[in-house]
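Good morning, everyone. Please look at the structure on the screen while I talk.

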Amino acid sequence: MKLIVAYIQPEKLNAVKQELFKDEIHKISVTNAMGCGQQMGYTETYRGVDMEVNLLKKVRIEIAVTTAFVQPTIDAIIRGARTGEIGDGKIFILPIEEAIRIRSGEKGDAAIG
């Protein structure tokens with residue numbers, strides 16, 4: 001079992017969701033996030049004062065998958081989020097020690113699937 005965490009551009013969320021649904025990956029969590037990477041932010045003028053904005057809006061997607069779905073999930077995220085420009089995002093893959101479905105008490109792969 002793995003937890004896939006991806007940070008993507010907010011405007012790419014619908015495209016990523018569509019690609020995930022095509023690969024029959026339906027269970028996702030989405031949160032708004034702010035961060036910076038190679039983009040380094042931008043400068044904005046507000047009431048005549050220059051302000052450096054270095055935390056940009058991102059979307060964080062979390063998907064718990066069984067081992068068989070790791071690569072299809074990664075591929076779907078990349079297909080939906082890639083523009084080829086700096087700021088497309090990052091994907092992190094973390095091990096999950098245990099998963100338990102609260103409603104039924106199922107554990108492991110059964111709780112995720």
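I will go through the salt bridges, the nonpolar core, a surface patch and an aromatic pair. One caution before that: this is a predicted model.

Let's start with charges. How many salt bridges does a search of the whole structure find? The search finds 5.

Take arginine 79 as our anchor. Its side chain meets that of glutamate 19 in a salt bridge, at 2.7 Å from N to O. Where do the two residues sit? Arginine 79 lies in helix H2, residues 70-81, and glutamate 19 lies in helix H1, residues 13-22. The pair therefore ties together parts that are 60 residues apart in sequence.

Now the burial of these two partners. Is glutamate 19 buried or exposed? Glutamate 19 counts as buried, because its relative accessibility is 15% and buried means under 20%. Arginine 79 has 43% relative accessibility and counts as partly exposed.

What else does glutamate 19 touch, leaving out residues up to four places away in sequence? The list is Ala76, Arg79 and Gly80.

Arginine 79 has another partner. Aspartate 23 also forms a salt bridge with arginine 79, and here the closest N and O atoms are 3.0 Å apart. This pair, too, links distant parts of the chain. Aspartate 23 is in the loop between H1 and strand E2, which covers 29-35, while arginine 79 is in helix H2. They are 56 residues apart. Aspartate 23 counts as partly exposed, at 25% relative accessibility.

Put these together and you get a network. Salt bridges link Glu19, Lys22, Asp23 and Arg79.

There is one more bridge to show you. Glutamate 62 and arginine 60 form a salt bridge, with their closest N and O atoms 2.6 Å apart. Glutamate 62 is partly exposed, with a relative accessible area of 27%. Arginine 60 counts as partly exposed as well, at 23%.

On to the inside. In soluble globular proteins, nonpolar side chains tend to be buried together. Here, the largest nonpolar core has 16 residues. Which of them touch the most other members? They are Ile4, Ile8, Val16, Leu20, Ile61, Ile63 and Ile77.

Several elements feed this core. Strand E1, at 2-8, supplies at least two residues, and so do H1, strand E5, at 56-65, and H2. Which one gives the largest share? H2 does, with 5 residues.

Zoom in on isoleucine 77. Set aside its neighbours within four places in sequence. Isoleucine 77 is then in contact with Ile4, Ala6, Ile8, Val16, Leu20, Ile63 and Ile91.

Now back out to the surface. Tyr46, Val49 and Met51 make a nonpolar surface patch of about 290 Å². Methionine 51 is found in strand E4, residues 49-53. Its relative accessible area is 38%, so methionine 51 is partly exposed.

Next, the aromatics. How many aromatic pairs does the structure hold? It holds 1. The partners are tyrosine 7 and phenylalanine 92. Their ring centres are 6.3 Å apart and their planes stand at 80°, so the pair is edge-to-face. For that label, the planes must be over 60 degrees apart.

This pair also links distant parts of the chain. Tyrosine 7 is in strand E1 and phenylalanine 92 is in strand E6, residues 89-95, with their positions 85 residues apart in sequence. Both rings belong to partly exposed residues: tyrosine 7 has a relative accessible area of 25%, and phenylalanine 92 has 41%.

Stay with tyrosine 7 for a moment. Beyond its neighbours within four places in sequence, tyrosine 7 is in contact with Ala33, Val59, Arg60, Asp88, Gly89, Lys90 and Phe92. Arg60 is the partner of glutamate 62 in the salt bridge we just saw.

Two distances to finish. Tyrosine 7 and serine 104 are 97 residues apart in sequence, and their C-alpha atoms are 31 Å apart in space. Lysine 17 and valine 70 are 53 residues apart along the chain, and 16 Å separates their C-alpha atoms. Lysine 17 has its place in helix H1. This lysine 17 is partly exposed, with a relative accessible area of 27%.

That is the tour. Thank you.

Technical notes: Residues numbered from 1 in each chain as written. Predicted model: local features only at pLDDT ≥ 70, side-chain atom pairs only at ≥ 80, totals over all residues. Heavy atoms only, no water. Salt bridge = Lys/Arg side-chain N within 4 Å of Asp/Glu carboxyl O. Helix = DSSP H or I, 4+ residues; strand = E, 2+ residues; numbered from the N terminus. Buried < 20%, exposed > 50% of the residue type's maximum accessible area, 1.4 Å probe, protein only. Patch = residues over 30% accessible without salt bridge, like charges linked within 9 Å, V, L, I, M, F, W, Y side chains within 5 Å. Areas by Shrake-Rupley, 256 points an atom, 1.4 Å probe, with all protein chains shown as cover. Core = buried A, V, L, I, M, F, W, Y, C linked by side-chain atoms within 4.5 Å. Contact = heavy atoms within 4.5 Å. Phe/Tyr/Trp six-rings, centres within 6.5 Å; stacked < 30°, edge-to-face > 60°.
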